[in-house]
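Please open the structure in a viewer and keep the sequence at hand. The tour below proposes a series of selections and states what each one shows.

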Amino acid sequence: MAAKEASTANKVFQNHDDVHISLKDQQGINRFAKYNARMDEIKVELDVKKNELKCVEEALDEIELFDEDEDIPFLVGEVFLSHKLGKTQELLAETKDMVIKEIASIEAKAKAIKVEMDELKAHLYHRFGSNISLENED
């Protein structure tokens, strides 16, 4: 009985060793890893931009409480410039539109990479089955 279990265990072990990885397969695995790392970077970048959008929206809400005649400092690069309420609202609206476009661009990149990753994942799982793990550990 123990010999039968050992031979079964050897067969399973041998199946794992019998997997041949061609250069093309290795390149696919490497490409998947590169895309996976890029997706992690994109997630961080997207979080930063969404936080930036939230800050701009909060600033737009806050400055509505200011007087028309009051000068409001507005950060441009590393310098604060003072503008009247209307001009500051206009600049914040432009900034908000720009950030929304940047978020859309980042999401489009993420979607394109996700499509590539899904195709690679399907191919690699078809080729290697359970001998490869491509799932993120998040």
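Begin by selecting Val 76, Val 79 and Leu 81, which form a nonpolar patch on the surface of this predicted model. Together these residues have about 230 Å² of accessible area.

Next, keep Val 79 selected and display the ribbon around this residue. Val 79 belongs to strand β2, which covers residues 79-83. Is Val 79 buried, exposed or partly exposed? Its relative accessibility is 47%, and because buried means under 20% and exposed over 50%, Val 79 counts as partly exposed.

Now show the whole chain, coloured by secondary structure. Three helices and two strands make up its secondary structure. Followed along the sequence, these elements give the pattern α-α-β-β-α. Of the 138 residues in the chain, 24% are buried.

The next stop is the largest pocket, which holds about 180 Å³ of space. Two elements each give two or more residues to its lining: α2 (23-63) and α3 (85-128). Which element gives the most to this lining? That element is α2, with five residues.

To display the lining of the largest pocket, select Phe 32, Asn 36, Met 39, Asp 40 and Lys 43, then add Lys 114, Met 117, Asp 118 and Lys 121, and finally Leu 134, Glu 135 and Asn 136. Colour this selection by residue class to end the tour: the lining has six charged, four nonpolar and two polar residues.

Methods: Residues are numbered from 1 along each chain as its sequence is written. This is a predicted model: local features need pLDDT of at least 70, side-chain atom pairs count only at pLDDT 80 or more; totals for chains, interfaces and linings use all residues. Side-chain values use heavy atoms; hydrogens and water are left out. Patches are made of residues with over 30% relative accessible area and no salt bridge: like charges are joined within 9 Å, nonpolar side chains (Val, Leu, Ile, Met, Phe, Trp, Tyr) within 5 Å. Accessible areas come from the Shrake-Rupley method with a 1.4 Å probe; for residues, only the protein chains shown count as cover. A salt bridge is a side-chain nitrogen of Lys or Arg within 4 Å of a carboxyl oxygen of Asp or Glu. Helices (H or I, at least four residues) and strands (E, at least two) are DSSP runs, numbered from the N terminus. Buried means under 20% relative accessible area, exposed over 50%, partly exposed in between (1.4 Å probe, protein chains only). On a 1 Å grid over the protein atoms alone, a cavity is a set of points where a 1.4 Å probe fits but cannot get out, and a pocket is an open set with protein on both sides within 12 Å along at least five of seven lines; lining residues have an atom within 4 Å of a point. Grid points are joined across faces, edges and corners, and a volume is the space filled by probe spheres set on the points. Ala, Val, Leu, Ile, Met, Phe, Trp, Tyr, Cys and Pro count as nonpolar, Asp, Glu, Lys and Arg as charged, and the others, Gly among them, as polar.
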